[in-house]
Structures are given as C-alpha cells and as structure tokens.
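This report looks at charged contacts and a surface patch. The structure comes first, then the details.

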Amino acid sequence: MSVLAAIVIGLVALLHIWFLVLEMFLWDKPAGLKAFGQTLEKAQASKVLAANQGLYNGFLAAGLLWGLSLGAAGTHIQVFFLLCVLVAGLYGAATASRKILFVQALPAALGLDGVVSKITVAQSKANVDIGIRMTPDELAKIEAMLGAFL
C-alpha cells in the first residue's frame, strides 16, 4: 500500500475516534452541541442513542487501525472497514446531513481509491501475494463503484 493511502486510512480512523468522543462523551456539552447543531434538550433526550452510535464509530476506527497494523496482509480488512464507513457516510448524508458526505464518505472513498489503486498496480505488474484475493471482475466492480463517488 502506498504511504498516502495509509495516511488517508489513518486519518479516517482518527476521525472516527473523534466521532466516538463527540457522541459518547461530549454529546450534551458545548462542543457536541455545536458539532451537531442541537439544543441541550434534544441532546439530553438522545444521549443514549448517540453513545451507541459513538461506540459503532469506535469499532470502525478499531477495524481500520487493525487493518493498517497488518500491512499488506490487512488489505482486505481495510477494504471492508472503508466500505462500512462509506456506506454509513452515504446513508448519513441521505438521511441526516449532507455535510456527512464530505466529512465521512469522501475520506473513506479516497482511502478505498488508494487501496484499490495499489491492488491494481500490484496485480498488473507482478503476481504478488498482497493478502487479498480478487478476480479482475471483482476489482473492476470496486473501481467502478469508487469512480461514481470520486
């Protein structure tokens, strides 16, 4: 994987750690109220749900960091968790705020682009085991999907 792709994936993981902190610990504090544009009353009423959502964001961050820690052998884990982040970002943008498209989905798409580009280069230059098994058709489908978002 390229250094740039690893940096992007690391940043996506850090973003999700920040989302965990905002949603689990700062939801009804000034930073959380400002970040989500809520009143204190609405935040207090939804605090338990927000904490649950924050926990899920923590799982996404953990998965991305796990994939990064494995290097090339973790490529399939990185792809899975980046796709989870992308889907969550697209759903959030469609149902909650378009801002989520840029804060969550776009960084995930950029990370996926970096990982998939590296897979493509590695598969086309040499028959190297990079820890992920994809047919050319599967790879083309992922590249086409990413092209729609970038």
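## A salt-bridge network

Asp28, Lys29 and Lys47 are linked in a network of salt bridges. The model is predicted. A search of the whole structure finds 2 salt bridges. Aspartate 28 takes part in one with lysine 29 and in another with lysine 47.

The first pair is aspartate 28 and lysine 29, whose side chains meet at 3.1 Å, N to O. For aspartate 28 and lysine 47, the N to O distance is 3.2 Å. This second pair links distant parts of the chain. Aspartate 28 sits in the loop between helix H1 (3–24) and helix H2 (30–36). Lysine 47 belongs to helix H4, which covers residues 47–69. The two residues are 19 residues apart.

## Burial within the network

Is aspartate 28 buried or exposed? Its relative accessible area is 15%, so aspartate 28 is buried, given that the cut-off for buried is under 20%.

The lysines fall in another class. Lysine 29 has a relative accessible area of 36% and is therefore partly exposed. Lysine 47 is at 35% relative accessibility, so lysine 47 also counts as partly exposed. Partly exposed is the class between the buried limit of 20% and the exposed limit of 50%. The network thus joins a buried aspartate 28 to a partly exposed lysine 29 and a partly exposed lysine 47.

## A nonpolar surface patch

Six names make up the patch: Val3, Ile7, Leu11, Leu14, Ile17 and Leu65. Its area is about 550 Å². Which helix gives the most to the nonpolar patch? Helix H1 does, with 5 residues. Leucine 65, another patch member, is found in helix H4. Helix H4 also holds lysine 47 of the salt-bridge network.

Two patch members can be compared by accessibility. Valine 3 is exposed, because its relative accessible area is 63%, and the exposed class begins over 50%. Leucine 65 is at 39% relative accessibility, so leucine 65 counts as partly exposed.

## Valine 3 and a distant partner

Valine 3 lies in helix H1 and is part of the nonpolar patch. How many residues separate valine 3 and glycine 114 in sequence? The two are 111 residues apart along the chain. In space, valine 3 and glycine 114 are 9.3 Å apart, C-alpha to C-alpha.

Technical notes. Residues numbered from 1 in each chain as written. Predicted model: local features only at pLDDT ≥ 70, side-chain atom pairs only at ≥ 80, totals over all residues. Heavy atoms only, no water. Salt bridge = Lys/Arg side-chain N within 4 Å of Asp/Glu carboxyl O. Buried < 20%, exposed > 50% of the residue type's maximum accessible area, 1.4 Å probe, protein only. Helix = DSSP H or I, 4+ residues; strand = E, 2+ residues; numbered from the N terminus. Patch = residues over 30% accessible without salt bridge, like charges linked within 9 Å, V, L, I, M, F, W, Y side chains within 5 Å. Areas by Shrake-Rupley, 256 points an atom, 1.4 Å probe, with all protein chains shown as cover.
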